[in-house]
Amino acid sequence: MATQAHSLSYAGCNFLRQRLVLSTLSGRPVKIRRIRARDDNPGLRDFEASFIRLLDKITNGSRIEINQTGTTLYYQPGLLYGGSVEHDCSVLRGIGYYLEALLCLAPFMKQPLKIVLRGVTNDQVDPSVDVLKATALPLLKQFGIDGESFELKILRRGMPPGGGGEVLFSCPVRKVLKPVQLTDPGKIKRIRGMAYSVRVSPQMANRIVDSARSILNKFIPDIYIYTDHMKGVNSGKSPGFGLSLVAETTNGTYLSAELASNPQGQGAAVLPEDLGRNCARLLLEEIYRGGCVDSTNQSLALLLMTLGQQDVSKVLLGPLSPYTIEFLRHLKSFFQIMFKIETKPCVEELKGGDKVLMTCVGIGFSNLSKTLK
């Protein structure tokens, strides 16, 4: 019963992933009650059950108890094991939903993680695999997670509602993380993008590129948007198209924006021209928000700072998203760590929105199963 005393208790289905990921890293059991208790269809959803199964696959000795109705979950984390894994994700959420958690856990496995995920690669809810590849991997490299085996590959694309995409993610293990000082985002030097189309005319991607460039060319000349048209088996089970854009700064900061077409049979049809223009505007908004990490990866950066060596880490962020604010509360519960938060009001007109400087001293988290060679 000793462990029961230290377990944290929560209610509701919000932020389920955050709680389970932090529980796994801190080794503290967590109990979540009243998961959609008042819904007509109570309990865990299919994608959440799939996420719990994924955690079970990459850990060794986890204890998971779910009651009959699925409204109460008790999770006692085991050791992060890693190795070669395959997982079929639920098509209700994108692969990004699962990848975001894996990016937090992968560096601390016993064996280097090599995982094949199947499901929806690009949707309108979760960060797409393209964006995570372009923004989260460079962020992890800043913390010293790098190597030949560090990659994220899209083998097949899958759009909702059918899915059928396939992604390979492999990550080396690290004993400790480097502290970082990311306080100057620098100026935007180039924009790269990926316009993709599956099971529709390849012309769609070209129309998206033209319309996105019509806005972005006014600001910067170095723009290159690739088109990716997958055919046959590699194109998944449902038609769709979309665009992901990434702006890179002189100091190696990556800011991203993305849009995907409505799933087949849901909502009004979207014109590729509108999608391209709206995505370009979203990127400009993200650049205006600014900071050294884009809004998708704020919580990942804060987690890596928390787990760093016992040294000061600083990172300049744009306005904090509600997800990030809740994440800071969870970091306090699981790791007893507080961040120093300083607001940096916009000095010049050209610098965009107000920024927040986050400072903390790492807890010196060390990967116990990684022996020194």
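The questions below concern one sheet and one pocket in a predicted model.

Me: In which order do the four strands of the open sheet stand?
Reply: Strands of a sheet pair through backbone hydrogen bonds, either parallel or antiparallel. In this open sheet the pairing is mixed. The order of its four strands is S1-S2-S5-S4.

Me: Why is one side of strand S1 and of strand S4 left without a neighbour in the sheet?
Reply: Strand S1 covers residues 8-11 and strand S4 covers 63-66. One side of each is left without a neighbour because both stand at the edges of the sheet, each with a single partner strand.

Me: Which residue in S2 is the bridge partner of Ser 9?
Reply: S1 and strand S2, residues 30-33, run parallel and are joined by four bridges. In S2, the partner of Ser 9 is Lys 31.

Me: Which helix packs on the sheet, touching S1 and S2?
Reply: The helix in question spans residues 322-335. Its direction makes about 150 degrees with that of S1. The helix is H9.

Me: Which element supplies the largest share of the lining of the second largest pocket?
Reply: This pocket has a volume of about 630 Å³. Strand S15 (254-260), helix H7 (272-289) and H9 each supply at least two residues of its lining. The largest share, five residues, comes from S15.

Me: How many residues of the lining of the second largest pocket are charged?
Reply: The pocket is lined by 25 residues, and among the closest to its centre are Val 125, Glu 258 and Thr 296. The lining includes nine nonpolar and seven polar residues. The number of charged residues is nine.

Terms used:
Residues numbered from 1 in each chain as written. Predicted model: local features only at pLDDT ≥ 70, side-chain atom pairs only at ≥ 80, totals over all residues. Heavy atoms only, no water. Pairing = 2+ DSSP bridges. Contact = heavy atoms within 4.5 Å. Axes fitted to C-alpha atoms, helices over the stretch in contact; angles between N-to-C directions. 1 Å grid on protein atoms, 1.4 Å probe; cavity = no way out; pocket = protein on both sides within 12 Å on 5 of 7 lines; lining within 4 Å. Points joined across faces, edges and corners; volume = space filled by probe spheres on them. Nonpolar A, V, L, I, M, F, W, Y, C, P; charged D, E, K, R; others polar.
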